[in-house]
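Biologist: Please take a close look at one part of this model for me, beginning with the strands and how they are paired. I would then like to have other places in the chain described in the same detail.

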Amino acid sequence: MYPSSHLLSAVLALCLGLIGCAAQESKGNAPPAATVTTAQPAPAPATPAPPPPPVALPHDEAILAAARDLFGKAQLPAGQTYNVIIDPLVDGSTGLQSLATAAIEKKVIGLMGSDFTQFRWKPLNAANLSALPLVFIGTFTPINLQGKGDGERNAYRVCFALADLKTGKIVSKGFARAQTGGVDPSPLPYFRDAPLWVNDRIVEGYIKTCQGTKAGDPIQAAYLDKVAAIASIDEATQAYNNKKYKESLALFTALLRNPAGDQPRVHTGIYLSNLRLGRREPAMQAFARIAEQGLGAKRLAVKFGFQNGATGFSKDDAPYDRWLKELAMQSARVAKTTGGCLEIAGHTGRAGSEALNERVSLQRAEYVRQRLIEQRKDLAQHLSARGYGSKDALVATGRDDPSDALDRRIEFKSVACS
């Protein structure tokens, strides 16, 4: 017997109601849906403000600040005293010594005696050097206010280093910037009179030891390997500066018996001393040796004196004809042995317009090139001339006096033959 249609409809309605209730209950008892959290990017770190440029202090304050920085941070055991010798400070661009660098040394010695008595200054001589003391070195370099060695120089960078000869390590560094007021950069007589400027690896090693190291670094090998000669070189240089030319000649000549003495500074001293004593031939032999070493280092500058704003040599007592003869011989030797060429580069100081400086520097370079070819016809295909104006000034203070004489140089540079 089948149920009636009314009964079926009632049953169906009841089932649908029960299913709906179950669905509602299931929905009511379901766990809550997980909350999805989107990772937010971390805020970008704020760009730190650039440090303010170092302040250029008055000259005397800058020297004392750099020296206090150096001695105060020295990484040395406390409770001991340390002997210190000073290897004369130099211009960090040229390696020259001046009235300014000599005055800085005196201030440093005075500060050791008053404020840092654990450091005892000792004169630079062979006996004190043989005890392997600490060596104080330093550079005093013209820069611009942005700290760069190009453009107009209107400040000085002071760099001091303390080197331990026993360990061969740098034990401290000191820095400051100095204003130009009250500074006399006139070169000392030996450096004022030197006819040639050479890319000297030993002087370069001294400068890099001061400027390119930090405490704990080794002393530059090019400097450390020749440090045994610094006392004798200083003694001979001081004799020349004091016009004791026979003494300086004897001291510089004696240095050649030491392998560490075969360097441009020594041959320059022999040249200058012989010239002062009227000994032209020995002087020119030393000149030839300096030129040989400079060309071998691929950079040699000659301090020809030129008439103001003109091309010809000035009327002074320098033996320019003999210089040209020796330079031609050495240039021809280089061309023959290397197959390379030489660029005769003219440079000027910063006085005058750059357009005029470039033209004058080119004319002077071409003049020297022609004078060299007069000496050696075979150089014609191996020499080129170029004028740089004041773009590559080494000193660039614009004083137009002996302190920036190297800016008005003729430079011999090895180049590929075109």
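Modeller: What follows begins with the sheet and one of its strands, then turns to a loop, two helices and the cysteines.

The model is a predicted one, and the values below are computed from its atoms. Six strands form an open sheet of mixed pairing, and they are arranged in the order S1-S6-S5-S4-S2-S3. At the edges stand S1, which covers residues 56-57, and S3; each has a single partner strand, so one side of each is left without a neighbour in the sheet.

Strand S2, at residues 82-86, is the part I would examine in detail. With S3, residues 119-121, strand S2 runs parallel, and three bridges join the two; within this pairing, Val 84 stands opposite Trp 121 of S3. Strand S2 also pairs with S4, residues 134-143, again in the parallel sense and again over three bridges, and here Ile 86 has Phe 136 of S4 opposite to it. As for burial, the threshold that matters is a relative accessible area under 20%, and four of the five residues of S2 are buried, so the strand is largely enclosed by the rest of the structure. Strand S2 also takes part in a right-handed β-α-β unit, whose other members are helix H3 (residues 99-114) and S3.

Moving across the sheet from S2 to S4, one meets a pairing of the other sense, since S4 and S5 (residues 155-164) run antiparallel and are joined by 10 bridges. Phe 140 has Val 158 in S5 as its bridge partner.

The loop that leads into S4 from helix H4 (126-130) deserves a look of its own, and Ala 131 is found in it. Ala 131 counts as partly exposed, at 48% relative accessibility, and its C-alpha atom is separated by 8.9 Å from that of Leu 165, although the two residues are 34 apart along the chain. Leu 132 has its place in this loop between H4 and S4 as well; it is partly exposed, with a relative accessible area of 38%. As background for the backbone there, most residues other than glycine have a negative phi. Leu 132, which is not a glycine, has a positive phi of about 55°. A positive phi is found at Ala 396 too, where the value is near 60°; this residue lies in the loop between strand S10 (383-387) and S11, and at 1% relative accessibility Ala 396 counts as buried.

Among the helices, H9 (residues 245-255) gives a clear view of how its buried positions are arranged. The buried residues in H9 are Tyr 245, Ser 248, Leu 249, Phe 252 and Leu 255. Seen down the axis of H9, these residues fall within an arc of 125°, so they line one face of the helix. Such a pattern fits the geometry of an α-helix, where 3.6 residues make a turn, so residues three or four places apart point the same way. The partners against which the buried residues of H9 pack are helices H5 (189-193), H8 (230-241) and H10 (264-276).

In helix H13, residues 354-375, one finds Arg 371, a residue that is buried, with a relative accessible area of 18%. Its side chain makes a polar contact of 2.7 Å with the side chain of Asp 321. If neighbours within four places in sequence are left aside, Arg 371 is in contact with Phe 313, Asp 321 and Leu 324.

Finally, the cysteines. The structure holds one disulfide, formed by Cys 341 and Cys 417, whose sulfur atoms are 2.0 Å apart; the link is right-handed, with 105° about the S-S bond. This pair links distant parts of the chain, Cys 341 being in strand S9 (residues 341-346) and Cys 417 in the segment after strand S11 (410-415), 76 residues apart. Cys 341 counts as buried at 9% relative accessibility, whereas Cys 417 is partly exposed, with a relative accessible area of 38%. Two further cysteines can be placed on that scale: Cys 159 is buried, with a relative accessible area of 0%, and Cys 210 likewise counts as buried at 0% relative accessibility.

Conventions:
Residues are numbered from 1 along each chain as its sequence is written. This is a predicted model: local features need pLDDT of at least 70, side-chain atom pairs count only at pLDDT 80 or more; totals for chains, interfaces and linings use all residues. Side-chain values use heavy atoms; hydrogens and water are left out. Buried means under 20% relative accessible area, exposed over 50%, partly exposed in between (1.4 Å probe, protein chains only). Two strands pair if DSSP finds at least two bridges between them. A crossover is right-handed if, with the strands pointing away from the viewer, the path from the first strand over the helix to the second runs clockwise. The arc is that of the directions from the helix axis to the C-beta atoms. Contact means heavy atoms within 4.5 Å. A polar contact is a pair of N or O atoms within 3.5 Å; within protein, one must be able to donate a hydrogen and the other to accept it, and residues adjacent in sequence count only if both atoms are side-chain atoms. A disulfide is a pair of cysteine sulfur atoms within 2.5 Å.
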